[in-house]
Amino acid sequence: MKKLISLILLICMIFSLVGCGKNENSSSDFEYTVTYDKNLEMGVTYTEICITKYIGEGNEVVIPEEIDGLPVTSIGVSAFWSTKIQSVTIPASVTKIENMAFYNCENLKIARFLGNAPYSVKIDAFQYTHKDFKIYYKKGTEGWNGASKAPIADRYPMEAY
């Protein structure tokens with residue numbers, strides 16, 4: 001019986017050290033703003049989230065598609081400025097990446113996009129990242145050929161996955 005209990009404890013310790021493959025960072029890893037837009041004619045209120053600052057400690061960041069049931073649609077000015085992150089996964093819901101969002105992230109090698117190219121990516125959004133920085137995008141998504149309003153293909157090396 002003692003061996004069985006010891007074995008169970010050992011397995012629990014291993015899982016606690018390894019983790020269970022966290023899919024995305026918790027909303028507590030980010031500071032963010034909520035935008036409310038009331039359309040008086042239609043009576044509709046639309047809300048969205050803008051990530052304004054990364055306050056987490058991990059260096060492999062997965063931005064959530066939603067926070068509190070609201071879509072994350074933008075990454076704000078200097079949101080990740082000078083953090084030590086090495087990779088970031090950006091959900092399909094993000095349509096805008098503001099000035100210096102990932103500025104001076106010297107360890108950032110990978111930006112993985114899960115959807116179409118954002119319609120707006122400011123020219124210095126990924127400035128001063130790692131010398132081997134590369135953008136990865138899903139095969140079959142659109143806007144990665146430089147034809148979009150955010151021709152990030154002209155600025156950074158890219159590869160489909």
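**Reading the strands, core and confidence of a predicted model**

Tutor: Let's start with a strand pair: β6 and β8 run parallel to each other, with 4 bridges between them. Keep in mind that what you're looking at is a predicted model.

Student: Okay. Which residue of β8 stands opposite Val88?

Tutor: That's Ala111. There's another pair to look for as well: Ile90 has Phe113 of β8 opposite it.

Student: And how many bridges join β8 to β10?

Tutor: There are 4, and those two strands are parallel as well. Here Ala111 turns up again, this time opposite Ile135 in β10.

Student: What order do the strands take in the open sheet?

Tutor: Read across it as β3-β6-β8-β10-β11: 5 strands, paired in parallel. At the edges sit β3 (60-62) and β11 (158-160), each of which has a pairing on one side only. Going from one strand to the next, the twist averages 15°.

Student: Which residues of β8 are on its covered face, and which on the uncovered one?

Tutor: Ala111 and Phe113 are on the covered face, while Ile110 and Arg112 are on the uncovered one.

Student: That makes me curious about the core. What's the general idea there?

Tutor: In soluble globular proteins, nonpolar side chains tend to be buried together. For the case in this structure, look at the largest nonpolar core, which has 32 residues. Those touching the most other members are Ile63, Ile75, Phe80, Ile90, Ile97, Phe102 and Phe126. The elements that each supply two or more residues to this core are β2 (44-54), β5, β6 (87-90), β8 (110-113) and β10 (134-137).

Student: Let me pick one of those. Which residues is Phe102 in contact with, leaving aside its neighbours within four places in sequence?

Tutor: Quite a list: Ile75, Phe80, Ile85, Val88, Ile90, Ile97, Leu108, Ala125, Phe126, Gln127 and Thr129.

Student: What about a polar residue? Is Ser74 buried or exposed?

Tutor: The cut-off for buried is under 20% relative accessible area. Ser74 has 8%, so it counts as buried. You'll find Ser74 in strand β5 (residues 70-75). Beyond four places in sequence, Ser74 is in contact with Ile49, Cys50, Ile51, Val94 and Lys96.

Student: There's a cysteine in that list. How do I read cysteines in general?

Tutor: The thing to check for is a disulfide, a covalent bond between the sulfur atoms of two cysteines. In this model the count of disulfides is 0. Cys50 is buried, with a relative accessible area of 14%. Cys105 is buried too, because its relative accessibility is 0%.

Student: Now a residue in β1. Is Val34 buried or partly exposed?

Tutor: Partly exposed, because its relative accessibility is 30% and that class runs between 20% and 50%. Val34 belongs to strand β1 (residues 30-39). Not counting residues up to four places away in sequence, Val34 touches Thr47, Glu48, Ile49 and Leu70. Take Ile49: it is 15 residues from Val34 in sequence, yet their C-alpha atoms are 4.8 Å apart.

Student: Let's try a loop. Where does Pro157 lie?

Tutor: In the loop between β10 and β11. Pro157 is partly exposed, at 46% relative accessible area. Outside its neighbours within four places in sequence, Pro157 is in contact with Phe133, Lys134 and Ile135. From Pro157 to Ile135 it's 22 residues along the sequence and 6.3 Å in space, C-alpha to C-alpha.

Student: Can we zoom out? How many helices and strands does the protein chain have?

Tutor: It has 1 helix and 11 strands. From the N terminus, the helix comes before the strands: α-β-β-β-β-β-β-β-β-β-β-β. Of the chain's 161 residues, 34% are buried. Take contacts between residues at least 6 apart in sequence: 49% of them join residues at least 24 apart.

Student: Last thing: where in the protein chain is confidence lowest, and where highest?

Tutor: Helix α1 (residues 2-18) has the lowest confidence, with a mean of 47, and β6 the highest, at 98. Over residues 12-22 pLDDT stays under 50, and the model gives that stretch 1 contact beyond four places in sequence. For the chain as a whole, pLDDT averages 83, and 75% of the residues score at least 70.

Terms used: Residues are numbered from 1 along each chain as its sequence is written. This is a predicted model: local features need pLDDT of at least 70, side-chain atom pairs count only at pLDDT 80 or more; totals for chains, interfaces and linings use all residues. Side-chain values use heavy atoms; hydrogens and water are left out. Buried means under 20% relative accessible area, exposed over 50%, partly exposed in between (1.4 Å probe, protein chains only). Contact means heavy atoms within 4.5 Å. A nonpolar core is a set of buried Ala, Val, Leu, Ile, Met, Phe, Trp, Tyr and Cys residues joined through side-chain atoms within 4.5 Å. A disulfide is a pair of cysteine sulfur atoms within 2.5 Å. Two strands pair if DSSP finds at least two bridges between them. Axes are lines fitted to C-alpha atoms, for helices over the stretch in contact, and angles run from 0 to 180 degrees between N-to-C directions. pLDDT is the predictor's confidence in each residue, from 0 to 100.
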